[in-house]
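Open the model in your viewer and keep the selection tool ready. This tour goes stop by stop.

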Amino acid sequence: MAAAAGKQTTEGWSSRWGFILAATGSAVGLGNLWRFPSEAGTNGGGAFVIFYIFCVVLIGLPVLLSETLIGRHGKADAIESTKTVARDSGASTAWSALAGIGMLGAFLILTFYSVIAGWVIYYIGLFAGDVATSIGNGALLGGAFQGESLEQVQGYLPALFADNGMMIGLHALFMAVTVFVIARGVGGGIEKIAVYLMPTFFILLIGITLYSLATGAAGEAFAFLFAFDPSRLLHGNVMLSALGQAFFSLSLGSAMMITYGAYADRKTNLASTSAIIAAADTSVAIIAGLAIFPIVFAAGLASDSGPTLMFQVLPASFQTMPAGSFIGLLFFVMVLFAALTSSVALLEAPTAWVMKRLGLPRAVTAIGLGILAFAIGILSAMSFNSLENWHPLNFSIFEGQNFFSIVDIFTGKILLPLSAFLVSVFVGWIADKRLTDDENGISGGLHLTWRFLIAWLCPIAVGAILVFGLIS
């Protein structure tokens, strides 16, 4: 313990609920609001959703608890915390590589996550303009983008992609806000925005969902999301997609939860806190499906449109809904809040390490890393226009992929699963059992179940994500 005393963090959450809101905010993001409905739509709905919940409980939650206990024991950045656990367990400090891999993944994800968040800002502008127009015409209670064709509404996204300057400018704006929050510190920045944005986010989500169920095709949406067809599970891609969604939705393998765990005090029960975070994250994903699919089905549009569901199908669906422009505006504001709390966590993990490693002030570190992430992200932004046909790694799983897709594949299919796999092996087999037992906050049969899951099921399941992701 003494070996790490000089490197322990002096920052921390002001309360357990501050930790829960910040950690939930880090997990709740575009993966819930964009990726989950997209995955559910393309993988047949109910079977995917039920297996997804199964994976969250048996795989996601044990790994989440393992990552937070590493951070809380080490009380430092992700790499140093892992070194501390390894030293106190009599193991090699080379195990800290698991945190380094995750931290690199988090940073690279931020570079293109900010680009996608820029699209959200763009749609906020579109709907805000449409609200103003509707008010001027006395037609606020009508559908969105009145007088425009389906092709015109769905053409907004390609139009954005074609505008290099707009893509880069929105990317810069979102990155600047993220850097500003990180520069203000754990209590004054990260926790403060979580305390304000997450409750507002949940209020907006519930309100939009109730609106969607009341005015859209609620019965069709419930049948789609919860009708269970066991034959769908015979398709391996459905099970693997559900497993991957559970894994990515909780932000596992990215060093974010190790970093956030380091700011938790000794009074915080990590097991119950992790359960709340996992439950909130899963609930948001499912509720997001109930918010989106009734509107999509009511408009008679396709539910299996993949990643374009949020940015092309949904805006077109608001054309047929009462007060469509206003609800659309609220929806994308809600998405922006979720994106910001996640991007903050993505930047905090590398910031905490660089700050301690180089002895730099927090603000200087955040600005420096933000500029670097922005610069790399420019290549992702241009991957939808002038660099669309640039394939810098034209081999193996990267063949035919542009820069944006390469970074997405490299982080999602290699770095994050590899880091989470190593976390499972490290906590399940390498770390001192008395140390992890003192940190995890559980006992009895629940403790034995967690011990079995983290040592056996989690490495196998996460290993499957890694292997099949590389060969699919």
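Select Phe127 and Phe145: both are buried (under 20% relative accessible area, with exposed meaning over 50% and partly exposed in between, for a 1.4 Å probe and protein chains only). This is a predicted model, in which local features need pLDDT of at least 70 and side-chain atom pairs count only at pLDDT 80 or more, while totals for chains, interfaces and linings use all residues. Residues are numbered from 1 along each chain as its sequence is written, and side-chain values use heavy atoms, leaving out hydrogens and water.

**Aromatic pairs**

Now show the rings. Rings of Phe, Tyr and Trp (its six-membered ring) pair if their centres lie within 6.5 Å; planes under 30 degrees apart are stacked, over 60 edge-to-face, and the rest tilted. The count comes to 35 aromatic pairs by this rule.

Go to Trp119 and Phe311. Their ring centres are 5.4 Å apart and their planes stand at 85°, so the pair is edge-to-face. Trp119 lies in helix H5 (residues 97-137) and Phe311 in helix H14 (residues 308-317), so the pair ties together parts 192 residues apart in sequence. Helices here are DSSP runs (H or I, at least four residues), numbered from the N terminus. Trp119 counts as buried, at 5% relative accessibility. Phe311 counts as buried too, at 0%.

Return to Phe127 and Phe145. Here the ring centres are 5.0 Å apart and the planes at 55°, so this pair is tilted. Phe127 lies in H5 and Phe145 in the loop between H5 and helix H6 (150-154), so the pair ties together parts that are 18 residues apart in sequence.

**The core**

Which residues touch the most other members of the largest nonpolar core? Select Trp119, Phe311 and Phe331, out of its 159 residues. Such a core is a set of buried Ala, Val, Leu, Ile, Met, Phe, Trp, Tyr and Cys residues joined through side-chain atoms within 4.5 Å. H5 gives the most to this core, with 23 residues.

**A neighbour in H14**

Select Gln312, also found in helix H14. Gln312 counts as buried, at 17% relative accessibility. Not counting residues up to four places away in sequence, Gln312 touches Gln154, Leu157 and Pro158 (contact means heavy atoms within 4.5 Å).

**Last stop: H3 and H10**

Gly46, Val49 and Ile50 in H3 meet Phe224, Leu225 and Phe226 in H10.

Terms used
Helices (H or I, at least four residues) and strands (E, at least two) are DSSP runs, numbered from the N terminus.
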